[in-house]
Amino acid sequence: MKKYWYQIKSKPIVLFSLVFLILPLFLNNDYAVYVANRGLANATAVIGLILLYGIAGQISLGHVAFFAIGAYSTAILSATHSVPVPIAMMCGILISCIFGIFLSIPSFKLSGPFLSICTVAFGEVIRQLVINMEWLTGGPYGFYHIPKLVVFGYSISDVHTWYYILLAVAVLMAVVGNRIKHSHYGRALYAINEDEIAAEVMGINIRRMKRFAFICSSFFAGLAGVLYAHFAGYLSQDLVLSDNSYNLFTMAVLGGTDSILGGLWTGVGLTAAPEIMRFLQVYYMLILYFIVLLVVLVPWSKITKDVKDIINYKFLHKSKAVI
Amino acid sequence: MTISTFFQLLIGGISIGALYALPALGITLIWNAAGVFNFANGDFVMVSCFLTYTLLSVLHIPFIVALLIIMVFMYFFGVVTEKIIVETLRKDNSIALKSLVCFIALSLFIRNLARFIWGTTPRTVKNPFGNNPIVLFGSVYIMPHTFWIIGISCTLMLILVFLFKFTKLGIAMRATTQNITVASLMGVNTKWIIGFVFGVSSIVAGFAGALSSSIFYITLDMGVMFGTKAFASNVIGGFGSPVGAVVGGLLIGVIETFGASLISSQYKDLITFALLLLFLIFKPKGIFKLEVAQKV
Amino acid sequence: MAILEIRNITKRFGGIVALQEVSLSVDKGGVVAIIGPNGSGKTTLLNVITGVYVPEEGEVLLNGNCIQSLSPEKVCKVGISRTFQNIRLFKKLTVLENVMIGSHKLYKRGLTEIIISTKGFKQEQEQHKKRAMELLEFVGLKGKEGVKPENLPYASQRFLEIARALASEPQVLLLDEPAAGMNAVEIEHLIELIKKLSKTGITILLIEHIMGLVREVTDSVVVLSYGEKIAEGNYEDIEKNTAVIEAYLGKGAIKC
């Protein structure tokens, strides 16, 4: 453990950890903590999406499918087949990763809108399967009585305990995500995103890297899913709605596309926002997507540059730099 | 299965297929002209459906007039979308990715706007084509809307073909599609043309919506269904090929109708999505294969 | 002793024959130029060598091993590196990171070590970073590590591409019109760079239009026209070769 604390040097993540360590003190009811838990689970899932979309450039709009596969797998194994919870959780993540490998195959030949609709179709197929395979998943009636996680004889059911577990997982996964991003794997993913042919000529195995990106994304989402199953205690088919995939995607975009820390913040933020903004009702969604359009379309770097120039030139009377 | 059932299903399938083919055609138009994928196309259809509902069931405007109003509205809707998203991103390096994100956001925005205006209750429109089945031959009964849908769709497609092949505007459009720089050098107002193409694509989607409203429940989620099926039509027929879009659409309509009757209507959508996945994985270029060469 | 051999390569695109039974051989440590009018198939040949295109007929041999059916990634792994005619740098990465990408195949540490961030992994990163800085200095881009490639002048971008190609420690370096868009001073710098490289033992094959450069650095010149090799030899001979002059200037050009 000590090794990790020494290595978490980057300030943004420390800020995040501190804010969220103190947060429960301000949340006065259990439901708020439960929402925060969901937010942290989403944040973990978003990390995977950021690696896949923000860095590798593969648009994945069926992300919630991996979350659901992880959640339902662990639920079915631990409840229906009495598999010990930790093993069921690991299996859940593994099964999610296998589906991730499967989804990576179309990415070898497809790109852009083709791939994105492929992921939508994938998400839809998973959704249809969850809804229709009632005998397995409980379908519209939901899946109840998921066993609690038991660690060293202590059954984890308190919402506050889960909060700290989920926070630790989210922070840990963010560190892992950043390490991947700043390694040669991360650079290779950026390269593939931009120019596949040039990347291949530089010695990067495109298929291997894409498969890696998809496994990453399904790993993080699957992990989030298995944790969700055991802290929520039940699963409903609302989990697999395509809206949730779009939400995850929006979180990735608004967090700065390739910023893992940004994804953490928006992951929690956009999960909590609908709850906080209940008074805004339908306006909330409209404003949200309007903001997404603003974020993408407005040339922010140009505006900040122009603003800086105006401040420097007009107000501080610095002379214009000679180029 | 009797012959008459077969024909009934076939013609029904073609009719539904036409409804998928129209937005698919719209996607192809925009893709060829501007190089962007209108992810929100399905939601354009949805908006047109709700609009038809308001015009027909609430304001009791006759169908023909409603169609005209929808055409005008959708045209401007399309042009405005183009101005906001495509114009802004024109000079951007990663226009493909960014425009996709924008259209996804637009799609969700439109859906929520529709929810805001019309609420979440599914709507229905009284069938403007009447409910008396027409006898085709033998014991084959076809509902009038089937004919009307096929007829109107065909007419629309023929008009488009005429526009593209035989008018000066059509030639300008095709030139813009193939080489925007040279086209503008030749005096074509390419900025306006791309807006126009968006407008035409929206009108086509509008027709699909207006016609669909007579047979489907109008819900907020229709957009996803239409969008994905239109895309499936494109993929199966060959992305970028207008003929492919139409053929693909008809194929999907027919397969879906037969599948619903033979297997189960519950799994109808699953069949289409599975088919789409299979095509994307194994035959992404579709039936009318299009080679896209990349210069190294 | 030939390190790179191209035997009877034919490449067709539908009905167009881009390369017709082209053969050439490059000695280890040599500098060979491929010249010819536009459209003669020079870049196509480079694409065939690097595995981007698969030839219909013929072989490409590196150290005696057939490589023509290898994927570009494997071609890089066996030791051939290249630059592009139309500059394909990674705009999302900094100058330094672009060079570090070039050495991708040399990284040995795997995923587990990345995640745990072992000492070995960090050492490897430092090593590659140091080497990338050295390469940048070698091509004359010292001090520009944190800049984005699009903010570099055009000639510097070309030098950056060369640095990136060198990062994988190739045996053979293919340069596709490295001098395009450079002014006289920059071309001088490029000539020096190529000469320095050649001294290190690396084999260089370059496509060029600027004859001054070709004359200065190459041991031999191969001329392509309409996909066929029409001449081969050292620069002085090629300069006077009638077939070559005809290819560039047309039939009536020989009169004066």
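## A look around chain C and its partners

With 11 C-beta neighbours inside 10 Å, C:Lys142 counts as exposed, because the cut-off for that label is 12 or fewer. Keep in mind that this is a predicted model, so everything here describes a prediction. Where does C:Lys142 sit? Look in the loop between α5 (119–139) and α6 (154–166) of chain C. Leaving aside its neighbours within four places in sequence, C:Lys142 is in contact with C:Leu136 and C:Glu137. Try picking out C:Leu96 as well: C:Lys142 and C:Leu96 are 46 residues apart in sequence, and their C-alpha atoms are 10.0 Å apart in space.

Now zoom out to the whole of chain C. Chain C splits into domain 1 (1–79 + 170–256) and domain 2 (91–167). Measuring from C-alpha centre to C-alpha centre, you'd find 27 Å between domain 1 and domain 2 of chain C. Where the two domains touch, domain 1 of chain C puts in 11 residues and domain 2 of chain C puts in nine residues. On the domain 1 side, α2, β7 (172–176) and α7 (184–199) of chain C each supply at least two residues. Which of these gives the largest share of that side? That's α7(C), with three residues. Sorted by class, the domain 1 side that touches domain 2 has seven nonpolar, two polar and two charged residues.

Next, the sheets of chain C. A bit of background: strands of a sheet pair through backbone hydrogen bonds, either parallel or antiparallel. Chain C has an open sheet of four strands in the order β2-β1-β4-β5, with antiparallel pairing. Why is one side of β2 and of β5 left without a neighbour in this sheet? Both β2 (16–27) and β5 (65–66) of chain C stand at the edges and each has a single partner strand, so there is no neighbour on one side of each. Further in, β1 (residues 2–13) and β4 (residues 57–62) of chain C pair in the antiparallel sense over five bridges. You can spot a bridge by finding C:Leu4, whose partner in β4(C) is C:Leu62. Helix α1 (residues 42–49) of chain C lies across β1, β2 and β4 of chain C, running at about 65° to β2(C).

There's also an open sheet of six strands in chain C, in the order β6-β7-β8-β3-β9-β10, and its pairing is mixed. Its edges are β6 (80–82) and β10 (228–233) of chain C, each with a single partner strand, so again one side of each has no neighbour in the sheet. On average, neighbouring strands of this sheet are turned by 20° against each other, direction ignored. Within it, β3 (residues 31–35) and β9 (residues 220–225) of chain C run parallel and are joined by four bridges. Here C:Ile35 stands opposite C:Val223 in β9(C). Remember α7(C) from the domain contact? That helix lies across β3, β7 and β8 (203–207) of chain C, at about 150° to β8(C).

Here are the two chain contacts with chain A, looked at from the partner's side.

| Side touching chain A | Classes on that side |
|---|---|
| Chain C | 12 nonpolar, six polar and eight charged residues |
| Chain B | 24 nonpolar, four polar and three charged residues |

The contact between chains C and A takes 26 residues from chain C and 21 residues from chain A. On the chain C side, α2 (72–78), α3 (95–102) and α4 (111–116) each supply at least two residues. For chains B and A, the contact takes 31 residues from chain B and 32 residues from chain A. Helices α3 (63–89), α4 (95–118), α9 (222–237) and α11 (268–282) of chain B each bring at least two residues to that side. The largest share of it, 14 residues, comes from α4(B).

Last stop: the largest nonpolar core, which has 259 residues. Which residues touch the most other members? They are A:Ala68, A:Ala71, B:Val197 and C:Ala163. Helix α11 (residues 206–232) of chain A gives the largest share of this core, 16 residues. Domain 1 and domain 2 of chain C both give residues to the core, so it lies between them. As for A:Ala68, if you leave aside its neighbours within four places in sequence, its contacts are A:Ile126, A:Val130, A:Gly225, A:Leu239 and A:Val240.

Definitions and conventions
Residues are numbered from 1 along each chain as its sequence is written. Chains are lettered from A and ligands numbered from 1 in the order in which they are written. This is a predicted model: local features need pLDDT of at least 70, side-chain atom pairs count only at pLDDT 80 or more; totals for chains, interfaces and linings use all residues. Two strands pair if DSSP finds at least two bridges between them. Two residues are in contact if their C-beta atoms, placed from the backbone, lie within 7 Å. Axes are lines fitted to C-alpha atoms, for helices over the stretch in contact, and angles run from 0 to 180 degrees between N-to-C directions. Ala, Val, Leu, Ile, Met, Phe, Trp, Tyr, Cys and Pro count as nonpolar, Asp, Glu, Lys and Arg as charged, and the others, Gly among them, as polar. A nonpolar core is a set of buried Ala, Val, Leu, Ile, Met, Phe, Trp, Tyr and Cys residues joined through C-beta atoms within 7 Å. A residue is buried if 20 or more other C-beta atoms lie within 10 Å of its own, exposed if 12 or fewer, and partly exposed in between; C-beta atoms are placed from the backbone. Domain bounds come from an automatic or database domain assignment.
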